[in-house]
Amino acid sequence: LFGFDQDPDAAANVPDDPRFTFVPQNFRFMKNYLKVYKALPLDGLIADLGVSSHQFDTAERGFSTRFDARLDMRMNPLQDLSAFDLLNQATEEELKRILKTYGEIRDAGRLARRIVGSRSEGPLKSTAELVQLLAPFARRGQEMQLAAHVFQAIRIEVNQELDALSALLLQTPELIRPGGKLVILSYHSLEDRLVKNFIRSGKFEGEPEKDLFGNAQVPFFAINRKPIRPSDEEITENNRARSAILRIAQRTEK
């Protein structure tokens with residue numbers, strides 16, 4: 001079993017078992033590292049996307065709206081770009097794109113303008129400052145909901161999450177043996193859309209390629225046509241499971 005995680009803190013969870021190898025890297029580099037370990041092809045691959053509970057609950061990482069901390073949001077704290085850098089350096093147009101695309105925020109233009117305008121009073125430094133800055137743009141009682149969408153958008157951009165997911169998915173036909181399984185847990189519609197489209201067509205947009213007889217040429221077929229979602233019981237036991245979306249696919253025979 002090989003486990004990939006770009007967060008150095010994940011090493012604390014590595015089991016003391018010679019059958020397990022921890023690779024402290026982003027999973028977008030999976031193919032190269034598994035070649036080094038001579039671990040290909042895989043019988044199966046499971047990807048649990050997004051932020052970990054550890055990252056959310058560690059205040060100083062800056063992922064959560066619940067704490068007042070420095071704007072960080074880096075899954076890999078060794079990388080250069082942080083949320084602080086992005087919010088204080090990106091242009092208004094760049095911020096508008098990020099908020100609209102990754103946060104699905106309708107008022108992205110006004111929000112971006114306000115963030116850029118606030119720099120005249122000094123740099124945005126903390127999560128609490130950002131939450132306070134956003135509050136006037138939310139409907140009454142929905143301030144934290146808006147903040148959560150903005151935090152998601154900034155986090156996705158800082159960590160290039162969708163680019164990393166796309167890179168991983170495109171590798172999977174070479175990584176997984178025929179008959180092997182691809183299992184993806186995503187937590188918002190942007191991730192799930194990429195996964196669903198890739199399983200359906202082998203790419204992220206458009207229809208699948210077809211052979212001369214009109215048969216779709218796709219590397220995987222879906223085990224579950226509809227996504228598997230957590231039961232009410234599971235959500236009661238673990239509220240953070242509420243947005244989880246599970247898709248399973250099987251590698252086609254070559």
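Start with the contact map: residues 24 or more positions apart account for 60% of the contacts in the protein with a separation of 6 or more, a contact being heavy atoms within 4.5 Å. You're looking at a predicted model, where local features need pLDDT of at least 70, side-chain atom pairs count only at pLDDT 80 or more, and totals for chains, interfaces and linings use all residues. Numbering runs from 1 along each chain as its sequence is written, and side-chain values use heavy atoms, with hydrogens and water left out.

Now switch to cartoon. You should find 10 helices and 6 strands (DSSP runs numbered from the N terminus: H or I of at least four residues for helices, E of at least two for strands). The radius of gyration is 20 Å, close to the 18 Å from the globule rule for 254 residues, so the protein is as compact as a globular protein of that length (C-alpha atoms; the rule is 2.2 Å times the number of residues to the power 0.38).

Next, colour by burial: 46% of the 254 residues count as buried, meaning under 20% relative accessible area with a 1.4 Å probe, protein chains only.

Then select Leu 45, Leu 99, Val 150, Ile 154 and Leu 169, which touch the most other members of the 61-residue largest nonpolar core (buried Ala, Val, Leu, Ile, Met, Phe, Trp, Tyr and Cys joined through side-chain atoms within 4.5 Å). Helix H7, residues 143-159, gives the most to this core, with 8 residues.

Last stop: zoom in on Leu 45. Beyond its neighbours within four places in sequence, Leu 45 contacts Met 30, Leu 168, Thr 172, Leu 175, Ile 176, Lys 181, Leu 182 and Val 183.

Note on methods. Buried means under 20% relative accessible area, exposed over 50%, partly exposed in between (1.4 Å probe, protein chains only).
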